[in-house]
Amino acid sequence: MMKNKYLIMILALIAGIGNTGLIAQKTNNAISKLSYAVYAIENLYVDTLNQDKLVEDAIVALLENLDPHSDYLTAKEAKELNEPLQGNFDGIGIQFNMLKDTLFVVQTIAGGPSEKVGIMAGDRIVSVNDTVIAGVNMTNTDIMKRLRGRKGTTVSVDVIRRGVGEPITFKIVRDKIPIYSLDASYMVDKETGYIKLNRFASSTHEEFGKALKELQQKGMKNLILDLQGNGGGYLTAAIDIADEFLKNKELIVYTEGAHQPKQTSNATAKGSFQNGRLAVLVDEGSASASEIVTGALQDWDRAVVVGRRTFGKGLVQRPIPFSDGSMLRLTIARYYTPAGRSIQKPYEEGGEAYHRELMERYNHGELIHADSIQFPDSLKYRTLLNHRIVYGGGGIMPDIFIPLDTTRYTDYHRDIVAKGILNRFSISFYENNREEFRKLYPDFTAFEQNFVVTDTMMQQLLDMAEEEKITFNQEQYDKSKPLIQLQIKALVARDLFEMNEYYQIINTQNESLQKAREILNNPKEYQRILSGT
């Protein structure tokens, strides 16, 4: 007979009780039917069954009919899931989801090995070290074992990317993955500060508060908060960040579900930046907690939002742990912005269509043209102070649209990045000139003003690419050359100084940031945008 704990586990899942202390009010015919089916399978089926796998498969099958963000994790998967938000680990530096036996990259960890070689959100990793992992029913744990390893070891992965005909091979050198929420904080000009957050983790508010204080001590009056590519994280961290900008008792977010009463979170009086001019940068990679912060600031007419429509994840998951260390992440509510917007994008067509939606935005031209997306009047809302029109139903629409820049990206550029040539060249060039650079560029100002990526350096890069059998294309090279030079300078700055300096270089070509800076330095334009005139 099946062990009681497994039967109880399935009954608890369906009835809404787990190790969270919830008590089911009643059973129904559906629950009785399921328990009877499990009992019959266990006691009458022709072959011997693995009880653990039977239960896990049943749970996974149940969740497949819900939303794309409810999932089941084994004990090891549950532990590893939280590492990017809580600790350090050795690996390739990605966050991913499994969908029908395919690994989808959700986000690369800033500064990590995968980002350095060019892995992108939306990529599908289909093989690791010549072992196929797609379509073979490999567990998350087995996949992680192949991707993770000691710092300094190399792993080769094949990636399928939409729009690219053949799989792309990446060679990734594993590294210690630092768990920092804050990528960069610096003064863009004498009065404008810049802070970039890559996730909302347990340390985010502390890191942000320290950076904010340091910028204020440098004379900051305006702030650019960069949430581009920020895939979210802890709800509490998002609330804490929004609290820094909003006034006492202003609503930040509320959550509500069929079995969850409305719960509200309001700002306190302790905010450290309640009055200065503020801009928030977002794009299609800004999700979940990022959308909570952005939505709250937009609804209160507190910030000008610059960039492209955010991802559209407005579902709240509750972890429900089991006694064996495994965990159910169950969507229990939707979150709503202060104006009442649910920004969760539709998922009725299933998980695959849900994850493909970002590519559909590109195909429809939305990332290039702001008027390519049309919202029905039923999704129209008004901001709380100035009564500007904003929209729900699929992400936060920015106040100022910045199109995706496709003019500098080519297949040749992609190849030298994907095969690690660009990063390898920058590291070797820096290592060969380390002592000289430290003398020539004693500080970042000297480096920024005087360091130039020369044609001689570019030829060395091309020679390295040729050794890796990357076919040279003059037209594509000429098109991507300014971008390659910018990236080399930024990578050298990173190695000579820190990641902060990397962003100071790379952001010189960040159109969203430059537009935000322009708006913040023009008080009349800033107020015009926020007033909706």
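Okay, quick definition before we start: when I say two residues touch, or are in contact, I mean heavy atoms within 4.5 Å. And keep in mind that this is a predicted model.

With that, let's go to I488. Setting aside residues up to four places away in sequence, I488 touches L422, F425, S426, V453, M457, M458 and L461. So where does that put I488 in the bigger picture? Well, the largest nonpolar core has 96 residues, and I488 is one of the two that touch the most other members, the other being L223. The helix that gives the most to this core is α17, residues 474-496, with 9 residues. There's also a second core, separate from that one, made of 21 residues, and among them are I168, F170, I172 and A418.

Right, on to the sheet. We've got 6 strands in an open sheet with mixed pairing, and the order goes β10-β11-β12-β15-β16-β21. Which strands sit at the edges? Those are β10, at 182-187, and β21, at 400-401, each pairing on one side only. If you look at the β10 end, β10 and β11, residues 192-197, run antiparallel and are joined by 5 bridges. To find your place there, look for S185, which stands opposite I195 in β11.

Now the helices. Helix α10, residues 289-299, lies across three strands, namely β12 (222-226), β15 (278-282) and β16 (304-307), and its angle to β15 is about 140°. Packed with α10 is α9, residues 235-243; the angle is about 25° and the axes are 9 Å apart. Under 35 degrees counts as roughly parallel, so that's what we call α9 and α10. Their crossing is right-handed. And which residues meet there? From α9 it's L235, A238, I241 and A242, and from α10 it's A289, I292 and V293.

Last stop, V306, which is in strand β16. Buried or exposed? Its relative accessibility is 0%, so V306 counts as buried. As for what surrounds V306, if we skip the neighbours within four places in sequence, the contacts are V280, L281, V282, P398, I400, I402, S512, K515, A516 and I519. Tying that back to the sheet, I400 falls in the edge strand β21, at 400-401, and V280, L281 and V282 fall in β15, at 278-282. By the way, F96 is 210 residues from V306 in sequence, and C-alpha to C-alpha the two are 27 Å apart in space.

That's my tour, thanks.

Key:
Residues numbered from 1 in each chain as written. Predicted model: local features only at pLDDT ≥ 70, side-chain atom pairs only at ≥ 80, totals over all residues. Heavy atoms only, no water. Core = buried A, V, L, I, M, F, W, Y, C linked by side-chain atoms within 4.5 Å. Buried < 20%, exposed > 50% of the residue type's maximum accessible area, 1.4 Å probe, protein only. Helix = DSSP H or I, 4+ residues; strand = E, 2+ residues; numbered from the N terminus. Pairing = 2+ DSSP bridges. Axes fitted to C-alpha atoms, helices over the stretch in contact; angles between N-to-C directions. Parallel < 35°, antiparallel > 145°, perpendicular 65-115°, else oblique. Left-handed = near helix turned anticlockwise from the far one by under 90°.
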